[in-house]
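Here is a short walk through one model, written to be read with the structure open beside it. Please have a look at the fold before going on.

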Amino acid sequence: MQILIAEDNVINQKLVDLICRKAGYQTRIVPDGEAAVEAMKDGGIQLVLMDVMMPRMDGIQATRLIRAMPGETGRIPIVAVTAHTDGDNREACHSAGMDAFIGKPVRPAELLTVMADLLTRGSA
């Protein structure tokens, strides 16, 4: 099971990567939304952990582009991972097509629960 981590902060990349790998997931890390969109074109991703505020292309714009992709790729679960947890940001993430929302700092149990729920729904 491959998880795409779209995150520009190296410390957050390492933290989320460690959480995912300890849980048995394979990961691929990209530093911005533009690279996330390109990674999705390569295929093989089952879930995206998408930072919202990134350089070059933010997570909202990247999610919209991923959702516009044909077939299964456009329906891959996307989780917003952001320090900006106010209602407006949640609504923007939902409107862009993100499936779930978790705040930073990332809590391992919450992250893994959300991921498991989305991956289980996707395979049902």
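## The sheet at the centre

Let's begin with the strands of this predicted model. Five of them form an open sheet, in the order β2-β1-β3-β4-β5, and their pairing is parallel. The edge positions belong to β2 (26-30) and β5 (100-103); each has a single partner strand, so one side of each is left without a neighbour in the sheet. On average, and with direction ignored, neighbouring strands are turned by 20 degrees against each other.

As general background, the strands of a sheet pair through backbone hydrogen bonds, either parallel or antiparallel. Here, β1 and β2 pair in the parallel sense, over 5 bridges. If you would like one bridge to look for, Gln2 has Gln26 in β2 as its bridge partner.

## Chain layout and overall size

How are the elements of the chain ordered from the N terminus on? They run β-α-β-α-β-α-β-α-β-α, which takes in 5 helices and 5 strands. With a radius of gyration of 13 Å, close to the 14 Å that the globule rule gives for 124 residues, the chain is as compact as a globular protein of that length. Along the principal axes, the C-alpha atoms fill a box of roughly 30 × 30 × 25 Å.

One helix to pick out against the sheet is α1, made up of residues 10-22. Helix α1 lies across β1, β2 and β3, and runs at about 165 degrees to β2.

## A cavity inside the model

Rolling a probe the size of a water molecule over the atoms shows where empty space is left. In this model, the count comes to 1 cavity of 30 Å³ or more, and the volume of the largest cavity is about 50 Å³.

Which residues line the largest cavity? They are Ile5, Ala6, Glu7, Val16, Leu49, Met50, Asp51 and Val81. By class, this lining has 6 nonpolar and 2 charged residues, with no polar ones. Both β1 (2-6) and β3 (47-51) supply at least two residues of the lining, and the largest share, 3 residues, comes from β3.

## Two backbone details in loops

Most residues other than glycine have a negative phi, and most peptide bonds are trans. Two places in this chain are worth a look with that in mind.

The peptide bond from Lys104 to Pro105 is cis, with omega near 5 degrees. Pro105 is placed in the loop between β5 and α5 (108-123). The other place is Arg56, a residue other than glycine whose phi is positive, near 65 degrees. Arg56 sits in the loop between β3 and α3 (59-67).

Terms used. Residues are numbered from 1 along each chain as its sequence is written. This is a predicted model: local features need pLDDT of at least 70, side-chain atom pairs count only at pLDDT 80 or more; totals for chains, interfaces and linings use all residues. Side-chain values use heavy atoms; hydrogens and water are left out. On a 1 Å grid over the protein atoms alone, a cavity is a set of points where a 1.4 Å probe fits but cannot get out, and a pocket is an open set with protein on both sides within 12 Å along at least five of seven lines; lining residues have an atom within 4 Å of a point. Grid points are joined across faces, edges and corners, and a volume is the space filled by probe spheres set on the points. Helices (H or I, at least four residues) and strands (E, at least two) are DSSP runs, numbered from the N terminus. Ala, Val, Leu, Ile, Met, Phe, Trp, Tyr, Cys and Pro count as nonpolar, Asp, Glu, Lys and Arg as charged, and the others, Gly among them, as polar. Two strands pair if DSSP finds at least two bridges between them. Axes are lines fitted to C-alpha atoms, for helices over the stretch in contact, and angles run from 0 to 180 degrees between N-to-C directions. Contact means heavy atoms within 4.5 Å. The radius of gyration is taken over C-alpha atoms; the globule rule is 2.2 Å times the number of residues to the power 0.38.
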